[in-house]
Amino acid sequence: MSTHFSVSVHCLLLLSLSAPERITSADIAGSVNTNPVVVRRILGGLKKAGLVNSSPGTRGFYLAKPSSEITLDMIYQAAKDEGPLFPIHGNCNPNCEVGIQMDSLLTNLYRIAESKVEQFFASITLEDMERSCSQQMETTQLETEQKA
């Protein structure tokens, strides 16, 4: 699994926490610490999934729906790469009794695990993530003030 999911959540949290203001891909890239082209590619996938919008002639992106209606599973589905969450290593030695069993042993287990991850992600909204992020930011700020 690539980092597309975590970067997607990062992008959406920035958009959500700054609403109703729009944020440019360059500003998001500064927070993610990556190239704006990478952010635009990820935002393109999120836009295709109906999670973000942008308007021609107007700079910046914004959420396409309220954060309470966006689940982590929706983000995961928009951001996931081709193939399974848990890929199985290939090129096992066909003469190895264990190696030739790996695919059949792990495929169903991985399918079940991914299904459980998706169910769990479906129970968490972007709004939930906003609350957690805000609480952590407040805690960090208090700790910083106490040290000063």
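This is a dialogue on how to read several features of a predicted model, with helix α1 as the starting point.

Colleague: Let me begin with helix packing: at what angle do the axes of helix α1 and helix α6 cross, and how should that angle be read?

Modeller: The general idea is that a crossing angle of 65 to 115 degrees counts as roughly perpendicular. In this predicted model, the axes of α1, residues 4–18, and α6, residues 126–147, come within 10 Å and cross at roughly 80 degrees, which makes α1 roughly perpendicular to α6.

Colleague: Which residues meet where α1 and α6 are in contact, and how do they divide by class?

Modeller: On the α1 side the residues are V9, L12, L13, S16 and L17, and on the α6 side they are L126, M129, E130, C133, S134 and M137. By class, this contact of α1 with α6 has 8 nonpolar, 2 polar and 1 charged residues.

Colleague: At what angle do the axes of α1 and α3 cross, and which residues meet there?

Modeller: The axes of α1 and α3 come within 10 Å and cross at roughly 80 degrees, and α1 and α3 are therefore roughly perpendicular to each other. H4, V7, S8, C11, L12 and L15 in α1 meet V39, I42, L43 and L46 in α3. The class count for the contact of α1 with α3 is 8 nonpolar, 2 polar and no charged residues.

Colleague: I would like to take single residues next: is S8 buried or exposed, and which residues does S8 touch beyond its sequence neighbourhood?

Modeller: The general idea is that a residue with a relative accessible area under 20% counts as buried. S8 lies in helix α1 and, because its relative accessibility is 1%, counts as buried. Leaving out residues up to four places away in sequence, S8 touches I42, L46, I75 and A79. In addition, the side chain of S8 reaches the backbone oxygen of H4 at 2.7 Å.

Colleague: Since L46 has now come up, where does L46 lie, and what does L46 touch?

Modeller: L46 lies in helix α3, residues 36–48, and at 0% relative accessibility L46 counts as buried. With residues up to four places away in sequence set aside, L46 touches S8, L12, L51, V52, I75 and A78. The C-alpha atoms of L46 and Q77 are separated by 9.5 Å, although these two residues are 31 residues apart along the chain.

Colleague: How does H10 read on the same points: what is its relative accessible area, and which residues does H10 touch?

Modeller: H10 is found in helix α1 and is partly exposed, with a relative accessible area of 27%. Not counting residues up to four places away in sequence, H10 touches S31 and V32. The C-alpha atoms of H10 and P87, 77 residues apart along the chain, are separated by 24 Å.

Colleague: Turning to the rings, how many aromatic pairs does a search of the whole structure find, and what is the geometry of the pair formed by F5 and Y76?

Modeller: The search finds 4 aromatic pairs. One of them is formed by F5 and Y76, at 6.0 Å centre to centre with 80 degrees between the planes, and planes over 60 degrees apart count as edge-to-face. F5 lies in helix α1 and Y76 in helix α4, residues 72–79, so the pair ties together parts that are 71 residues apart in sequence. F5 is buried, with a relative accessible area of 14%, and Y76 is buried as well, with a relative accessible area of 2%.

Colleague: What geometry does the pair of F120 and F121 have, and which residues do ring pairs link into a cluster?

Modeller: F120 and F121 form a tilted pair, 6.3 Å centre to centre with 40 degrees between the planes. F120 counts as exposed at 51% relative accessibility, whereas F121 counts as buried at 15%. Ring pairs link F5, Y76, F120 and F121 into a cluster.

Colleague: Finally, the backbone: which residues does a cis peptide bond join, and which residue has a positive phi although it is not a glycine?

Modeller: The cis peptide bond joins A19 and P20, with omega about 10 degrees, and P20 is placed in the loop between α1 and α2. The residue with a positive phi, about 70 degrees, is N33; N33 is placed in the loop between α2 and α3 and, at 69% relative accessibility, counts as exposed.

How values were computed:
Residues numbered from 1 in each chain as written. Heavy atoms only, no water. Axes fitted to C-alpha atoms, helices over the stretch in contact; angles between N-to-C directions. Helix = DSSP H or I, 4+ residues; strand = E, 2+ residues; numbered from the N terminus. Parallel < 35°, antiparallel > 145°, perpendicular 65-115°, else oblique. Contact = heavy atoms within 4.5 Å. Nonpolar A, V, L, I, M, F, W, Y, C, P; charged D, E, K, R; others polar. Buried < 20%, exposed > 50% of the residue type's maximum accessible area, 1.4 Å probe, protein only. Polar contact = N/O pair within 3.5 Å; in protein donor to acceptor, adjacent residues only side chain to side chain. Phe/Tyr/Trp six-rings, centres within 6.5 Å; stacked < 30°, edge-to-face > 60°.
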